[in-house]
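Thanks, everyone. I'll take you through one model this morning. Have a look at it first.

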Amino acid sequence: MADSFRRKMTAYEEVNWQYNKAAEALGIPEQHKAIMRNCYRELKVQITLHRDDGSLTEFFGFRVQHNGARGPYKGGIRYHPSVDMDEVRALASLMTWKTAVVNIPYGGAKGGVNCDPKQMSEKEVQDLTRTFTRKIDMALGPYRDIPAPDVNTNAKVMTWLMDEYGRKHGYTPAIVTGKPVNLGGSKGRESATGLGVYYTTRHACGDFEIPLKGSRVVIQGFGNVGSWAAKYLHDAGAKIIAVADADGAVMNDRGLDIPALLNFAREKKTVAGFPEADVMKKDRIFGVECDILIPAALNGVITENNVGEINTKMVVEGANNPINPHADHILAEKGIPVIPDILANAGGVTVSYFEWTQNLQQFYWEESDIQKKLESVMDKAYADVSRMAKERKVLMRQAAFMVAIQRVYDAVLLRGI
Ligand code: NAD
């Protein structure tokens with residue numbers, strides 16, 4: 001491996017490293033390679049918030065539109081102290097490739113504010129959301145850029161965004177996805193990413209000869225993605241043996257009682273303290289021996305410093321960009337398949353697409369229809385990536401990028417840019 005590769009890359013450099021490798025393998029001409037790598041529009045806005053105690057706090061909000069060749073920009077908004085322009089660029093780029101892998105008519109975007117909502121009151125989070133919406137309003141639109149929830153944002157935050165946007169533009173439910181069902185949200189959106197992780201894992205188990213029933217699964221993160229993935233994998237007969245969240249980790253070698261853990265976590269907002277399990281340190285989670293490891297918390301959690309601990313037969317990326325390229329390379333050398341984020345966690349944006357479609361036509365579908373449609377999109381995406389991997393003899397991540405880049409490149413050429 002080149003020495004330059006060994007230095008610490010930023011999140012955006014990491015995504016571009018994967019992008020460059022795949023674009024080169026496809027033989028994309030240099031000037032198009034750069035156009036598709038770089039971001040189209042980047043907004044950084046100052047947000048001043050009057051706190052409940054009368055003080056004033058300054059935050060920064062970001063919205064990056066990466067590529068819109070295949071449709072309106074689409075991507076989540078996250079509230080987290082680590083949010084900065086580089087991270088948002090990385091995540092926006094991943095959205096371009098993700099929407100292309102599942103072949104839905106969107107481009108890629110991402111946004112966020114560098115705040116810690118856990119240290120804020122609900123009123124403060126609402127005020128911050130409304131101010132952020134007003135400040136990026138000029139770049140949004142139901143046919144221009146459609147936000148969604150991400151880390152530490154939820155249906156409530158999306159409702160405030162829709163409401164604030166609507167004050168200026170009138171009733172526009174299609175401005176945002178991930179809304180509550182009784183305000184134009186889609187049935188099945190909340191569970192969609194975790195269900196998509198399950199569909200993908202099921203296919204990957206077939207491909208890599210790991211029997212899903214009875215398999216030992218470890219999950220980092222028990223929020224939206226991790227908890228729903230756990231539910232569907234448990235329902236399919238897998239044993240979830242360890243789960244970690246920000247406040248702790250629990251383990252049971254015979255398999256955690258997932259329905260009980262879901263109830264516990266819903267009430268206590270953490271898995272820590274779940275009675276029918278052994279306690280473990282949350283940073284030991286990757287060392288637990290298992291068949292399937294699912295990072296479903298934050299980006300950048302598996303690096304050259306901890307990849308050596310990993311003792312699994314397969315990694316399925318529920319989170320965005322959880323593995324840095326160095327660690328990815330080490331996993332590849334060890335022969336551990338990685339099912340990449342842009343495929344594995346694309347169920348969320350797929351059902352966001354269904355939500356947007358329903359908002360535009362003002363006609364709503366049943367959850368069973370949505371799950372059937374999601375399954376069909378995920379099945380097709382998995383088959384496209386798996387075929388590319390086999391035909392070009394590349395790993396699943398490179399194959400997913402190649403499928404996506406080819407689709408975006410075709411759109412760019414058709415538009416005549
Ligand atoms: P969430 O906020 O609902 O849950 C995040 C979980 O990670 C929580 O359980 C939290 O406690 C845990 N966590 C945070 N820091 C941790 C740490 N240091 N160690 C262990 N656990 C930790 O967020 P989410 O929506 O489930 O998103 C998780 C990941 O999946 C993110 O990378 C996000 O970008 C990605 N993603 C989410 C969706 C979606 O629809 N929600 C779609 C695609 C990708």
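**A walk through the model**

Let me begin out on the surface, with Lys-269. Lys-269 is exposed, with a relative accessible area of 68%. One caution before I go on: this is a predicted model. Lys-269 is found in the loop between α9, residues 258–268, and β9, residues 278–280. Its backbone deserves a look. Lys-269 is not a glycine, yet its phi is positive, at about 65°. For context, most residues other than glycine have a negative phi.

Asn-103 belongs in the same part of the talk. Asn-103 also is not a glycine, and its phi is positive at about 60°. Where does Asn-103 sit? Asn-103 is in the loop between α4, residues 85–101, and β4. Its relative accessible area is 43%, so Asn-103 counts as partly exposed.

One more loop residue: Pro-211. Pro-211 lies in the loop between α7 and β6, and β6 covers 216–220. Is Pro-211 buried or exposed? Pro-211 is exposed, because its relative accessible area is 63% and the cut-off is over 50%. From Pro-211 to Pro-259 is 48 residues in sequence. In space, the two are 22 Å apart, C-alpha to C-alpha.

Now the chain as a whole. How many helices and strands does the chain have? The chain comes to 14 helices and 12 strands. The radius of gyration is 20 Å. The globule rule gives 22 Å for 417 residues, and the two values are close, so the chain is as compact as a globular protein of that length. Along the principal axes, the C-alpha atoms fill a box of roughly 55 × 55 × 45 Å. Buried residues make up 60% of the 417 in the chain.

Let's go inside. Arg-63 sits in strand β2, residues 56–67. Arg-63 is a charged residue, and its relative accessibility is 1%, so Arg-63 counts as buried. What does the side chain of Arg-63 reach at 3.2 Å? The side chain reaches the backbone oxygen of Gly-76. A polar atom of the Arg-63 side chain also lies 3.1 Å from the backbone oxygen of Gly-75.

Follow that contact to Gly-76. Gly-76 is in strand β3, residues 73–79. Gly-76 is buried too, at 5% relative accessibility. Gly-76 and Gly-112 are 36 residues apart along the chain, and their C-alpha atoms are separated by 7.9 Å.

On to Val-113. Val-113 is in strand β4, residues 108–113. Its relative accessibility is 0%, so Val-113 counts as buried. Val-176 is 63 residues from Val-113 along the chain, and the C-alpha atoms of the two are separated by 17 Å.

Next, the cysteines. How many disulfides are there? The count comes to 0. Cys-205 is in no disulfide, and the nearest cysteine sulfur, that of Cys-290, is 11 Å away. The cut-off is within 2.5 Å, so a pair of sulfurs 11 Å apart does not qualify. Cys-205 is buried, with a relative accessible area of 4%. Cys-290 is in no disulfide either, and its nearest cysteine sulfur is that of Cys-205. Cys-290 is likewise buried, at 2% relative accessibility.

Last, the ligand. Which residues come nearest? There are 23 residues around the ligand, and the nearest are Thr-193, Asn-224, Val-225, Ala-246 and Asn-320. By class, the shell has 9 nonpolar, 9 polar and 5 charged residues.

Now the polar contacts with oxygen atoms of the ligand. For Asn-320, a polar side-chain atom lies 2.8 Å from a ligand oxygen. For Asn-224, the partner is a backbone N or O atom, at 2.9 Å from a ligand oxygen. Phe-222 also uses a backbone N or O atom, at 3.0 Å from an oxygen of the ligand.

How much of the ligand is covered? On its own, the ligand has 820 Å² of accessible area, and the protein covers 83% of that. Three elements give two or more residues to the shell: α7 (189–207), α8 (224–235) and β7 (239–245).

That's the tour. Over to you for questions.

Conventions:
Residues are numbered from 1 along each chain as its sequence is written. This is a predicted model: local features need pLDDT of at least 70, side-chain atom pairs count only at pLDDT 80 or more; totals for chains, interfaces and linings use all residues. Side-chain values use heavy atoms; hydrogens and water are left out. A residue is near a molecule or strand if one of its heavy atoms lies within 4 Å of it. A polar contact is a pair of N or O atoms within 3.5 Å; within protein, one must be able to donate a hydrogen and the other to accept it, and residues adjacent in sequence count only if both atoms are side-chain atoms. Accessible areas come from the Shrake-Rupley method with a 1.4 Å probe; for residues, only the protein chains shown count as cover. Helices (H or I, at least four residues) and strands (E, at least two) are DSSP runs, numbered from the N terminus. Buried means under 20% relative accessible area, exposed over 50%, partly exposed in between (1.4 Å probe, protein chains only). The radius of gyration is taken over C-alpha atoms; the globule rule is 2.2 Å times the number of residues to the power 0.38.
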